[in-house]
Every structure is written in structure tokens, then in C-alpha cells.
Amino acid sequence: MAVATHHTALKNAPATGLASLIEAAKARYARHRVYRQTVNELSELSNRELTDLGLHRSMIRRLALQAAEEFAAR
């Protein structure tokens, strides 16, 4: 009986590993989309509009990274 249980566990292991790889890839892609969308939207703003928001153009990538991390944490 122990051998059959062990065999069954090994049989399902690759599928579980593949499923977790696919889920991780989906999560990375979603995080990247949030990052790119944030960079694109903030980059379209003028320097004056960014200043009105209390931002500087050099902050865009860091803010986009923070937005992507917050998205992933949800």
C-alpha cells in the first residue's frame, strides 16, 4: 500500500509543478502589464501635470514598480 501511495504522489507531482509554473507566469505577466500601463500613462503627462501631482519624471519607473507590487499583493 505504501508503494502505491508513493507512486500516485510521484505521478501527480509533475502536473502540480507545471500548474504552479503556469500560475507564476500568469502572475508575472499581470504584474508586468500593470507596470507598463502605469509607465505609459504617467509618461504621457507633461512635466507641469506631473509637478501638479507632486511627481517628477524621474519617479515614474519607481512608482510603476510600486503599483505592480501592490497589484501582486492583492
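Start with the whole chain on screen and its surface switched on: the accessible surface comes to about 6,100 Å², and 59% of that belongs to carbon and sulfur atoms. Accessible areas here come from the Shrake-Rupley method with a 1.4 Å probe, and for residues only the protein chains shown count as cover. You're looking at a predicted model, where local features need pLDDT of at least 70 and side-chain atom pairs count only at pLDDT 80 or more, while totals for chains, interfaces and linings use all residues. Residues are numbered from 1 along each chain as its sequence is written, and side-chain values use heavy atoms, with hydrogens and water left out.

Now switch to cartoon. You'll find 3 helices and 0 strands, giving the pattern α-α-α as you read along the sequence. (Helices are DSSP runs of H or I with at least four residues, strands are runs of E with at least two, and both are numbered from the N terminus.) Of the 74 residues in the chain, 14% are buried. Buried means under 20% relative accessible area, exposed means over 50%, and partly exposed is in between, with a 1.4 Å probe and protein chains only.

**Stop 1: the salt bridge**

Select lysine 26 and glutamate 23. They form a salt bridge, with their closest N and O atoms 3.8 Å apart, and the structure holds 1 such bridge. The term covers a side-chain nitrogen of Lys or Arg within 4 Å of a carboxyl oxygen of Asp or Glu. The two residues are 3 apart in helix H1 (residues 2-43), so about one helical turn separates them. Glutamate 23 is partly exposed, at a relative accessible area of 48%.

**Stop 2: the core**

Next, select Val34, Tyr35, Val39, Leu42, Leu50, Ile60, Ala64 and Ala68: these 8 residues make up the largest nonpolar core. H1 and H3 each supply at least two residues of this core, and H1 gives the most, with 4. A nonpolar core is a set of buried Ala, Val, Leu, Ile, Met, Phe, Trp, Tyr and Cys residues joined through side-chain atoms within 4.5 Å.

What does tyrosine 35 touch, not counting residues up to four places away in sequence? Show its surroundings and you'll see Arg61, Ala64, Leu65 and Ala68. Contact means heavy atoms within 4.5 Å.

**Stop 3: leucine 50 and the loop after it**

Move on to leucine 50, in helix H2 (residues 47-52). At 1% relative accessibility, leucine 50 counts as buried. Beyond its neighbours within four places in sequence, leucine 50 is in contact with Leu42, Leu45, Leu55, Arg57 and Ile60. Try a distance label to isoleucine 60: the C-alpha atoms are 9.5 Å apart, with the two positions 10 residues apart in sequence numbering.

Then click methionine 59, in the loop between H2 and H3. Methionine 59 is partly exposed, at 21% relative accessibility. Its C-alpha atom and that of leucine 42 are separated by 9.6 Å, the two being 17 residues apart along the chain.

**Stop 4: both sides of H3**

Finish by colouring Ile60, Ala64 and Ala68, the buried residues of H3. They cover an arc of only 70 degrees around the axis, which puts them on the same side of H3; the arc is that of the directions from the helix axis to the C-beta atoms. Turn to the other side of H3, and Glu70 and Ala73 are exposed.
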